[in-house]
Amino acid sequence: MANRDNIFAAPIEKLGDFTFDENVAEVFPDMIQRSVPGYSNIISAIGMLAERFATDGSRVYDLGCSLGAATLSMRRHIKAQNCTIIGVDNSPAMVERCKLHVNAYRSDTDVQIIEDDIRNVDIQNASVVVLNFTLQFLTPDDRQALLEKIFAGLKPGGILIISEKYNFADETANELLIDLHHDFKRANGYSELEISQKRSALENVMKPDSIDTHKHRLTDIGFSSVAVWFQCFNFGSMFAIK
Ligand SMILES: Nc1ncnc2c1ncn2[C@@H]1O[C@H](C[S@+](CC[C@H]([NH3+])C(=O)[O-])CC(=O)[O-])[C@@H](O)[C@H]1O
Ligand SMILES: O=C(O)C(=O)Cc1ccccc1
């Protein structure tokens, strides 16, 4: 069984910003499963979308791949020939573990895991690009530049899948959805202290956009067929087709 996430269980005197360090990588499958509503469904659907959109000889990118959950789901589903999946993450602890997961099985689809900042990565000949809960960790300017680079590197008909935590312009709706997310975490065994310390640790490093902001930004860049295909509380996933 995966190691249990106890990172914020005890009171932390000098609470710093949340980072994807060794301790987080160690418990990450448990943390993300108990913290993100719909995570498993999203991972499965990313595989299904990749099966439809991956084309022969193209590249498939998983940007902010963590331990490679989306990469592995896509690798299981892709039927196209001579595809390469490129997973990128700038956390050495994540990349080290991700490589172990990927190398545990062989497959017809080649997988390369790269330790780098996704802002530096060259994107070319892409049929599928996945940003599964990664864009939210970049600054707004960096979000725009990254999405422009992805658009330029996608083949016509290629798909971008972006999963994010959202905020909502309506204050009442926003508070209710945040509360429901906290109920979800409580139901999954997190204490009030864990919920509040993690919330504080994330405050400076993760600033969610609204669904409208995402849609407008993608449409302005040139994507067509922008749609939310999944939402649970303040978490969801969109696709955008070039
Ligand atoms: N600039 C950056 N460059 C590279 N990696 C980055 C950067 N910023 C953050 N990361 C990486 O993005 C990942 C975000 S987790 C993604 C889950 C995964 N997609 C999953 O499907 O399981 C989401 C979450 O924990 O909420 C972490 O591994 C960071 O190291
Ligand atoms: O736990 C939370 O409150 C979240 O917003 C999701 C999350 C999951 C894993 C790492 C960082 C944020």
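The following questions and answers cover two ligand sites and two residues of a predicted model.

In this model, local features need pLDDT of at least 70, side-chain atom pairs count only at pLDDT 80 or more, and totals for chains, interfaces and linings use all residues. Residues are numbered from 1 along each chain as its sequence is written, chains are lettered from A and ligands numbered from 1 in the order in which they are written, and side-chain values use heavy atoms, with hydrogens and water left out.

Student: Which side-chain contact partner of ligand 1 lies 2.6 Å from an oxygen atom of the ligand?
Tutor: A polar contact is a pair of N or O atoms within 3.5 Å. Ser 66 places a polar side-chain atom 2.8 Å from an oxygen atom of ligand 1. The residue at 2.6 Å is Asp 89.

Student: How much of the accessible area of ligand 1 does the protein cover?
Tutor: A polar backbone atom of Ile 118 is 2.9 Å from a nitrogen atom of ligand 1. On its own, ligand 1 has 660 Å² of accessible area (Shrake-Rupley method, 1.4 Å probe). The covered share is 94%.

Student: How many residues surround ligand 1?
Tutor: The shell takes residues with a heavy atom within 4 Å of the ligand. By class, it has eleven nonpolar, seven polar and three charged residues. The closest include Tyr 39, Gly 64 and Asn 132, and the total is 21.

Student: Which lysines have a polar side-chain atom 2.7 Å from an oxygen atom of ligand 2?
Tutor: The residues around ligand 2 include Phe 18, His 181 and Phe 235. Lys 198 also has a side-chain N or O atom 2.7 Å from a ligand oxygen. The other two are Lys 165 and Lys 185.

Student: Which elements give two or more residues to the shell around ligand 2?
Tutor: Ligand 2 exposes 320 Å² when taken alone, and the protein buries 94% of that. The elements are helix 1 (22-35), helix 6 (171-187) and helix 7 (192-203).

Student: Why does Thr 109 count as buried?
Tutor: Thr 109 sits in the loop between helix 4 (92-103) and strand 3 (110-115). Among its contacts (heavy atoms within 4.5 Å) are Arg 75 and Ile 85. Buried means under 20% relative accessible area. Thr 109 is buried because its relative accessible area is 5%.

Student: Is Asp 212 buried or exposed?
Tutor: Asp 212 belongs to helix 8 (residues 211-221). The cut-off for exposed is over 50% relative accessible area. At 51%, Asp 212 counts as exposed.

Definitions and conventions:
A polar contact is a pair of N or O atoms within 3.5 Å; within protein, one must be able to donate a hydrogen and the other to accept it, and residues adjacent in sequence count only if both atoms are side-chain atoms. Ala, Val, Leu, Ile, Met, Phe, Trp, Tyr, Cys and Pro count as nonpolar, Asp, Glu, Lys and Arg as charged, and the others, Gly among them, as polar. Helices (H or I, at least four residues) and strands (E, at least two) are DSSP runs, numbered from the N terminus. Buried means under 20% relative accessible area, exposed over 50%, partly exposed in between (1.4 Å probe, protein chains only). Lists of a residue's contacts leave out its neighbours within four places in sequence.
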